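Work through the following exercises with the sequence and the coordinates at hand. Each task is followed by a solution in steps.

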Amino acid sequence: MLDASPTTDLVTALKSALSASQVLTSPSATERYRKGFRSGEGEAAAVVFPKTLVELWRVLEACVEANAIIIMQAANTGLTEGSTPKGSYDRPVVIVSTLGMDALHVLPGDEQVVALPGTTLFSLEKELKARGRLPHSVIGSSSIGATVIGGICNNSGGALVQRGVAYTELALYAQRMADGTLRLVNNLDIDLGTTPEEILTNVENGTWKKVHETTKKASDVDYAMRIRDVDADTPARYNADPRCLYEASGSAGKVCVFAVRLDTFAEPKTSQVFYIGSNDASEFTTLRRALLTEMTELPVLAEYMHRGMFNIAETHGKDTYLLIKWLGTDRLPMFFTLKGKMDAIWRRLPFTPSNLTDVMMQIFARLMPRHLPKFLRQFRDRYEHHLILKVEDDAIAEAETILARVLKPEQVRKCSAEEGAKAFLHRFAAAGAAVRYTAVSPSEVEDVIALDLALRRNDTDWFETLPKDITKDLVSALYYGHFMCHAFHQDYLVKQGRDPKAVKAKLMALLQSRGGEYPSEHNVGHLYEAPPALKAHYEGLDPTNTFNPGIGKTSRDAPG
């Protein structure tokens, strides 16, 4: 147990740096922030809500003075417990919510932006759209508040075929040095001043003296060439790839990132979505290789769903689909925050099931009319494998030529804009469907095991076939992902009464035998062991183990 006095002193210092209303301490008030989106939960002495970067710096100073653990948290939508505490620690824990610091600055020429800790991908996309530009990354969870800096820190992959992982070598961040001191590092290549207060105030307000031209990368500029190498015996992208571990990029909360500088991209003139079905996985293999090697411009998106995932998303992702359709993506973070607070209340009330919110939302969805268009349901009935392909401008004609050569006409639907939007929305709803199924089916499902795997670029045997030794313990195995990148999400519903840890051990052994890398884009969190290069990156950034200790199954304790 932690001594009460140091913790009390820490809370007092935090309230002095902020205000009493910006510091939560009671277990009931902090539960929503201590509990992961899918799983994981731990202790925290406080959850704090700085409103400015200078306030955030003051919080860091107070935590360092008290030798407290610091866990940076944005929308808390991570899938591997990477931004929440895990169990108990040897020092008091402070969770720092970054969402209140959401300024965004578009640099002259519109080709780069500077984003702060709370800047969401949605707000970045909205701001750039008015300028005819596109962001570095598009991911499904952008609809529920995923932040730009969160993606950088996790080397998140996203869905864009042309971009690779979220990456930059231009960042402003704080780290605790080996001697225990706090240091602010300005590698934005922007003149911001000298003192921490001056630097942080200027970057927040966008009042800088000079933006320097730089040779540093502000995106994964080599990825398009890398993904085209379909004969390479390594994955196109994965979280722990050493080539993309650089300071803030891939840091996973081991430093406090105040700002990042990123590239933007020109918006296309036209785009086209094709919905594709097949009962032969090898047809998709042939199609993938042709699209990547023959097209002058790469496809924009290529999202895969297996029929099993399609069905679960239709029944248990329906409310997500409808909420986005009705409320829009900008209001969805508020809804998930409300759901988290309601879940916390239900868990404290006697005789009230902890899954009551999920049950109510599921009942609501069942009462609504059928939401998927007829053509999607017809493809589901005919085909086991589904691919949503989006291409732009001159690539449209090239894609049509390749599709006509590889597939039969009835396997391809050239979608209207509305049909394409509905197809992608259904694919997005798939991401949380397994969790919902687990929440409302406790008598059937013991737990869900969510894995994401980056297969080798030359792997033709991409669709998994499970042995009976594993399938006997499963209700279902669900597959979806980013097909051109060979980054697959695989959700396994474990039968009630079976041991999820034992099942996961068998699955991990199978994944290792396939020669890929994992996780592909959700980062290690507290669920995966970080490989040596990633551990070294963490230790170099945070030698005192002050920030997010235990991540990647590393030590949770202070050194020595």
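**Exercise 1. Determine which residues of strand E4 lie on each side and whether they are buried or exposed.**

Step 1. On one side of E4 are Val-93, Ile-95 and Ser-97, and on the other are Val-94 and Val-96; all are buried, and both faces are thus covered. Buried means under 20% relative accessible area, exposed over 50% and partly exposed in between, with a 1.4 Å probe and protein chains only.

Step 2. The division into two sides can be set beside a general rule. In a regular strand, side chains alternate between the two faces of the sheet.

Step 3. Counted over residues 93–97, 5 of the 5 residues of E4 are buried. Strands (E, at least two residues) and helices (H or I, at least four) are DSSP runs numbered from the N terminus.

The model is a predicted one, in which local features need pLDDT of at least 70 and side-chain atom pairs count only at pLDDT 80 or more, while totals for chains, interfaces and linings use all residues. Residues are numbered from 1 along each chain as its sequence is written, and side-chain values use heavy atoms, with hydrogens and water left out.

**Exercise 2. Identify which strands are joined to E4 by bridges, and how many bridges join each.**

Step 1. Strand E2 (residues 46–48) runs parallel to E4 and is joined to it by 3 bridges. Val-47 has Ile-95 as its bridge partner in E4.

Step 2. Strand E3 (residues 69–73) is also parallel to E4, with 5 bridges between them. Here Ile-70 has Val-94 as its partner in E4.

Step 3. Two strands pair if DSSP finds at least two bridges between them.

**Exercise 3. Classify the ring pair of Phe-284 and Phe-483, and state which parts it ties together.**

Step 1. Rings of Phe, Tyr and Trp (its six-membered ring) pair if their centres lie within 6.5 Å; planes under 30 degrees apart count as stacked, over 60 as edge-to-face and the rest as tilted. The count by this rule is 20 aromatic pairs.

Step 2. The ring centres of Phe-284 and Phe-483 are 5.8 Å apart and the planes stand at 65°, so this pair is edge-to-face.

Step 3. Because Phe-284 belongs to helix H8 (residues 281–294) and Phe-483 to the loop between strand E19 (474–482) and strand E20 (487–495), the pair ties together parts 199 residues apart in sequence. Phe-284 and Phe-483 are both buried.

Step 4. Ring pairs link Phe-284 and Phe-483 into a cluster whose members include Tyr-304, Trp-462 and Tyr-492.
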